[in-house]
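Work through the exercises below with the sequence and the structure side by side. Try each task before reading the solution that follows.

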Amino acid sequence: MTKTVRYLLIVVVSIWTLAPVAWMVSLSFKGPTEWYAPNLIPIQPIFDNYISLFIPTNPIGGSYFFTSITEPITKPVINSLIAAGLGTIFAVLIGFLAAYGVSRYRAGGTFIIFFTLLTRMLPGATFVAPLMVFYASIHFIDTYAGLILLYTAVTLTYAIWLMKGFIDEIPPEWEEAALLEGASPWTVLRKITIPLTKGGLAASALFIFILNWSEFLFALVISVTEVTTLPVQISKYVSAVGRMYGTMASLGLVATIPSLALGYLIQKHLVTGFTFGRVR
Amino acid sequence: MPKLVVKNLRKLFGTFEAVKDVGFQVEEKETLCLLGPSGCGKTTTLRIIAGLEVPTSGQVFVDGVLVNDVPPQKRQIGLVFQDYAIFPHLSVFENIAYGLRVRKMPEAQLRTKVHDTASLIGVDNILDVPGRKLGLSEMQRVAIGRSIVLDPKLLLLDEPLSNIDAKARERMRAELGKLQKEIGIATVYVTHDQLEAMTLADRIAVMRNGLIEQIGTTSEIYDNPRTLFVGNFIGSPSMNLIDCELVYSEERAILKSGDFALDVTEFAETLRAKSKGRELVLGVRPEDVSVHVRKTDEEAMECEVQLVEPIGARSIYHLKIGRLAVLAKGYAMPEVDVGSKLWTTFNKHKLHVFDKKTEEAIV
């Protein structure tokens, strides 16, 4: 009985989370005449939506759409990879050191660590306008540096809090033992702390990458033409006759690939990362 | 030259004074035990010696050199942690080799050294096992091996047996003692277990509230406790302590507590000279309380048996002398049971008298 209930729950949750994805898949293979139709299986499946990602002038299901997009999606893909990737790397690096300081040396006392969280309690929309003015004055608008700096800053809080938890799990005795063996504090960090927390680091990195990868608001404001990221690109598939839902869905699907791939690559570490404390 | 000298050590954590004024020295090949209840500052003292804590004031000398400003990685001190801190992601071999690798020792030399140490501590058959798969006794050995492979000037052990169940502890204590003899390094051993201290240490420093109450060999500490605390803390079952008052009657000095009275005329001089107040505490170890079925001695006191705990050839008798509860440890007497009336005498040569206010020993 309980088993049936459990399976039922799993089915319900799966439908709940996968239904939008299924709809997106369906939409990406539909022509413009079916975009508003309620059928899940396309009546006339086409690949035009995917082709138009690379050839913007390609007709979809026989009809032409005229948009502001003239280039293939390769550039936004590269932009997203650079901005989200570097933003994640910096956030994880800086966040790890900050978390280590907070965890081991109580750096900044209890106030600083709480204060970093406080900055995330503010909705992004409230500081997007002043940020734009500030960025304009230092010529950071439409630059990689601007996006990367912002992504690092915004996700740093999560990086610190997540990784502090993982570092707290490591008994300081392991580090002290290595110290007494003659290792310098940096060697201890490299040879003891990081290998022991790598599951947690991987989980944190993936989480932060997903946040950066799917970020829309800041990217929309900061990018003009040069550093357009994928989420912004998706919003640009609007023609004179309305939104190009099929193309948006196809790009949305393409955009999930890197996150999925990253998650799959570090799957082994994720399991230890999420069940930390039991691996000791 | 002593291997380790600790002078006037003091450590504050915020406003809490964990170590107040600790000083001692450890000679070559000697094992000194810091013994005390939890929170007495013994582990803090050890961590200061290792360099893991910075003392508020005071000095630590290793081999005659002041090491206060030497970081832990340069002190050449081995430390075995309470839960051993074996690196879980490294094999036994790599755990032992860790410090040598940090020092960039050539591979061939490193292998010889690790293998020598491994056979000394008896882990040469499990060198490939990862740290997280080791049992407690293996971890203990590896932890010691990891510390001694670097030929430290000093070995520190922080309650290495406290996480182990009683049965295994006995065996590991014996093994540890044997290893210690073979290694022969000056050692500071921290424990709250007096039995461990007495079996493993050459000298014991009994600590309480951040101070050393008494430092000396096992027998000195056991036979001549300098304070009430030391007398009470050392020994199992612990010393009988009886609050009493010194009174004189007809040329005789008597320790009186309710109906209980003990003639101590032989110590009257010392008592009169040293005691400040009249309130005293009489201390007598259970093995110095003897019980007899018949009244064999004029001074024997009548008592009633409340409980008998047989411990093999001997028994612990819980006695009531009047209203006073006293423990006695003596040969098992099968005929004695709860409610039996017996006669008891105290061994006058082994009596301890403490001043109740200052807690210092008078006799």
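**Exercise 1.** In what order do the strands of the open sheet of 5 strands in chain B lie, and which strands form its edges?

Solution. Begin with the order, bearing in mind that this is a predicted model: the strands of this open sheet in chain B follow one another as S15-S19-S16-S17-S18, and their pairing is antiparallel. Next, look for strands that pair on one side only, which in chain B are strand S15 (289-292) and strand S18 (324-331), the edge strands. Finally, consider how neighbouring strands of the sheet are set against each other: on average they are turned by 45 degrees, with direction ignored.

**Exercise 2.** Find how many bridges join S15 to S19 in chain B, and work out where the side chains of S15 of chain B point.

Solution. Strand S15 of chain B runs antiparallel to strand S19 (residues 341-346) of chain B, and 4 bridges join the two. Within this pairing, B:Val291 has B:Thr344 in S19 of chain B as its bridge partner. Following the side chains along S15 of chain B then shows an alternation, in which B:Val289 and B:Val291 point to one face and are buried, whereas B:Ser290 and B:His292 point to the other face and are not buried.

**Exercise 3.** Describe how strands S16 and S17 of chain B are joined.

Solution. Strand S16 (residues 301-311) and strand S17 (residues 314-321) of chain B run antiparallel and are joined by 7 bridges. One position to locate is B:Ile311, which stands opposite B:Arg314 in S17 of chain B.

**Exercise 4.** At what angle do helices H2 and H3 of chain B pack, and which residues meet there?

Solution. Two packed helices are described by the angle between their axes and the distance between the axes. For H2 and H3 (residues 107-121) of chain B, the angle is about 125 degrees and the axes are 10 Å apart. The two helices of chain B, H2 and H3, are therefore oblique to each other, and their crossing is right-handed. On the H2 side of chain B the residues are B:Phe93, B:Ile96, B:Ala97 and B:Leu100, which meet B:Leu110, B:Lys113, B:Val114, B:Thr117 and B:Ala118 in H3 of chain B. By class, this contact has 7 nonpolar, 1 polar and 1 charged residues.

**Exercise 5.** How many residues does each chain give to the contact between chain B and chain A?

Solution. Chain B gives 20 residues and chain A gives 17 residues. On the side of chain B that touches chain A, the elements giving two or more residues are strand S6 (77-80) and helix H2 (92-102) of chain B. The residues of that side of chain B divide into 12 nonpolar, 4 polar and 4 charged.

Terms used:
Residues are numbered from 1 along each chain as its sequence is written. Chains are lettered from A and ligands numbered from 1 in the order in which they are written. This is a predicted model: local features need pLDDT of at least 70, side-chain atom pairs count only at pLDDT 80 or more; totals for chains, interfaces and linings use all residues. Two strands pair if DSSP finds at least two bridges between them. Axes are lines fitted to C-alpha atoms, for helices over the stretch in contact, and angles run from 0 to 180 degrees between N-to-C directions. Two residues are in contact if their C-beta atoms, placed from the backbone, lie within 7 Å. Ala, Val, Leu, Ile, Met, Phe, Trp, Tyr, Cys and Pro count as nonpolar, Asp, Glu, Lys and Arg as charged, and the others, Gly among them, as polar. A residue is buried if 20 or more other C-beta atoms lie within 10 Å of its own, exposed if 12 or fewer, and partly exposed in between; C-beta atoms are placed from the backbone. Angles under 35 degrees count as roughly parallel, over 145 as roughly antiparallel, 65 to 115 as roughly perpendicular and the rest as oblique. A crossing is left-handed if the near helix is turned anticlockwise from the far one by less than a right angle, and right-handed if clockwise.
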